[in-house]
Amino acid sequence: ADLENEHVHKVYDEIAKHFSDTRHKPWPVVDQFIASQPNDALGADVGCGNGKYMVGNPTRILGSDRSQKLIEICGERGLEAMVCDGLNLAYRSSVFDFCLSIAVIHHFSSKERRIEAIRELLRIVKPKGQILIFVWAMEQETTRRKFEQQDVMVDWKVPARYEKEQVYQRYYHVFVKGELDELCKAAGAKILRSGYDRDNHFVVIEK
């Protein structure tokens, strides 16, 4: 979609270095999910960014992201990651034990594309494989950010120390309570649990 290309894909390539420098500490819910997997499990981090969830745990996790620049950062860190589209992942079906999709689905610009992205996650995991999905919530409790509608542009300001100071606009579809669960059901997933954490809605689903 043109909207995603202009206000998601191009933006993340432009802000990759600054974005990566602000992404260090893993979220506890994600850490707990990874820790609950067997040590010999194989995982996929779809929309892996700088690979922060691919390090520091005994499981092997392969990363993918639409941003060439973020994948280059993963490579510099010695991580296994590749560029690919979330709607057409370059993996065989039923190969992963678990999958992560952290702050990704909210960048797809239509309900149909969001459902298709979830179906693609389900395709690559084994039967009974679990997937953790996080998306931004419309109901923001801990930040000053207030959303008046669900489809929004959110500023990302790159400071002057990164070559030049510039503001970019990223597209988001922010989710209301229960919406992510309904999309997962529409994609054919079994919902194991869902919740709200750090201004995000999340769900754990099973193939």
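Student: Which residues lie nearest the centre of the largest pocket?

Tutor: Tyr-12, Phe-19, Ile-102, Ala-103 and His-106, out of 45 lining residues. This is a predicted model, where local features need pLDDT of at least 70, side-chain atom pairs count only at pLDDT 80 or more, and totals for chains, interfaces and linings use all residues. Residues are numbered from 1 along each chain as its sequence is written, and side-chain values use heavy atoms, leaving out hydrogens and water.

Student: Why is this called a pocket, and the other kind of space a cavity?

Tutor: On a 1 Å grid over the protein atoms alone, a pocket is an open set of points with protein on both sides within 12 Å along at least five of seven lines, whereas a cavity is a set where a 1.4 Å probe fits but cannot get out. Lining residues have an atom within 4 Å of a point. The largest pocket holds about 950 Å³, and the search of the whole structure finds one cavity of 30 Å³ or more. A volume here is the space filled by probe spheres set on grid points, which are joined across faces, edges and corners.

Student: What makes the lining of that cavity six nonpolar and two polar?

Tutor: Val-46, Gly-86, Ser-101, Val-104, Ile-105, Phe-108, Ala-117 and Leu-121 line the cavity. Ala, Val, Leu, Ile, Met, Phe, Trp, Tyr, Cys and Pro count as nonpolar, Asp, Glu, Lys and Arg as charged, and the others, Gly among them, as polar. Therefore Gly-86 and Ser-101 are the polar pair, and no charged residue is in the lining.
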